[in-house]
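Thanks for coming. I will go through one structure this morning, starting with its sheets and ending with its charged pairs.

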Amino acid sequence: QLLYSLKNLRGINVVAFSPNGKILASGSSDNIIKFWDVEIGKLISELVGHTGNINTIAFRSDGKVLVSGSSDQTIKLWSVETSQLIKTITGHSDWVRSVTCLGKKTIISGSADQTIKIWNMATGAVINTLTGHSKDVNSLAISAYDLTIVSGSSDNTVKIWRCK
């Protein structure tokens with residue numbers, strides 16, 4: 001059964017639940033991320049800072065940080081508690097299509113620049129760049145158990161990577 005229908009001015013591109021299931025984050029084509037209270041279906045806050053479509057969002061495993069990726073080629077880290085921008089990370093040369101977090105210290109991103117980048121969350125420094133796709137990297141999944149990354153691309157391939 002439908003619980004709520006949450007309205008936005010522009011198309012919603014991505015949604016994600018916080019680890020505790022109490023907050024829903026949505027990212028849209030109006031360049032804004034919104035935090036929603038899941039229990040009552042009410043807007044909590046808006047995160048403004050990207051200058052392009054929000055393509056991807058992911059909560060850190062502890063739920064304290066939201067990571068977003070945009071067509072403005074940046075990754076942003078936001079405080080869930082204060083809704084404030086913590087850090088902007090740059091390094092991709094095209095749209096950021098997918099982000100995921102590994103624990104509390106690492107971000108993995110996939111981009112239309114055909115690369116996957118592994119970042120130190122605290123410093124924003126690139127730890128490693130994985131190349132091998134010939135088109136946009138649209139989707140990422142990671143196994144925290146054995147540090148295996150899976151990437152899906154517009155080049156019609158799924159690639160499996162082992163990080164050390």
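**Sheets, cores and salt bridges**

Ile 57 sits opposite Ser 68, a residue of β6. Before I go on, please keep in mind that this is a predicted model. The pair I just named belongs to the contact between β5 and strand β6, residues 65–70, where five bridges join two antiparallel strands.

Those two strands are part of an open sheet of four, in the order β5-β6-β7-β8, with antiparallel pairing. Which strands stand at the edges here? They are β5 and β8, the latter covering 85–90, and each has a single partner strand, so one side of each is left without a neighbour in the sheet. From one strand to the next the twist averages 20°.

Now the other four-stranded sheet. This one is also open, its order is β1-β2-β3-β4, and its pairing is antiparallel. The edge positions go to β1, residues 12–17, and β4, residues 42–48; each has a single partner strand, so one side of each lacks a neighbour in the sheet. The twist in this sheet averages 20° from strand to strand.

Going through its pairs, β1 meets strand β2, residues 23–28, in the antiparallel sense over five bridges. Within that pair, Val 14 is opposite Gly 27 of β2. Further along, β3 and β4 are antiparallel and share six bridges. Asp 37 has Lys 42 of β4 opposite to it. The hairpin of β3 and β4 has four residues between the strands, and in that hairpin Gly 41 takes a positive phi near 70°.

A general reminder before the cores: in a regular strand, side chains alternate between the two faces of the sheet.

So, what is in the largest nonpolar core? It has 13 residues, and those touching the most other members are Ile 33, Phe 35, Ile 57, Phe 59 and Leu 66. Ile 57 is the residue I opened with, opposite Ser 68 in β6. The elements giving two or more residues to this core are β1, β2, β3 and β5, the last being residues 54–59. Of these, β5 gives the most, with three residues. There is also a second core, separate from that one, with twelve residues, including Val 96, Val 99, Ile 107 and Trp 119.

Trp 119 takes us to another hairpin, because its bridge partner is Val 126 in β12. The strands concerned are β11, residues 115–120, and β12, residues 126–131, which pair in the antiparallel sense over five bridges. Five residues lie between the strands of this hairpin, and Gly 124 takes a positive phi near 80°.

Last topic, the charged pairs. In general, side chains of opposite charge can pair when their charged atoms come close. How many salt bridges does the structure hold? The count is three.

Take Glu 46 and Lys 34, whose closest N and O atoms are 3.5 Å apart. Glu 46 lies in strand β4 and Lys 34 in strand β3, residues 32–37, so this salt bridge ties together parts that are twelve residues apart in sequence. Is Lys 34 buried or exposed? Lys 34 counts as buried, at 9% relative accessibility. Its partner Glu 46 is partly exposed, with a relative accessible area of 40%.

Next, Arg 60 forms a salt bridge with Asp 62, and here the closest N and O atoms are 2.7 Å apart. Arg 60 has 15% relative accessibility and counts as buried, while Asp 62, at 27%, is partly exposed.

The remaining pair to mention is Asp 136 with Arg 97, whose side chains meet in a salt bridge at 3.0 Å, N to O. Asp 136 is in the loop between β12 and β13, the latter being 137–143, and Arg 97 is in strand β9, residues 96–102, so the pair ties together parts that are 39 residues apart in sequence. In this pair the acidic residue is the buried one: Asp 136 has 18% relative accessibility, under the 20% cut-off. Arg 97, at 27%, counts as partly exposed.

That is all I have; I will take comments now.

Notes:
Residues are numbered from 1 along each chain as its sequence is written. Side-chain values use heavy atoms; hydrogens and water are left out. Two strands pair if DSSP finds at least two bridges between them. Axes are lines fitted to C-alpha atoms, for helices over the stretch in contact, and angles run from 0 to 180 degrees between N-to-C directions. A salt bridge is a side-chain nitrogen of Lys or Arg within 4 Å of a carboxyl oxygen of Asp or Glu. Buried means under 20% relative accessible area, exposed over 50%, partly exposed in between (1.4 Å probe, protein chains only). A nonpolar core is a set of buried Ala, Val, Leu, Ile, Met, Phe, Trp, Tyr and Cys residues joined through side-chain atoms within 4.5 Å.
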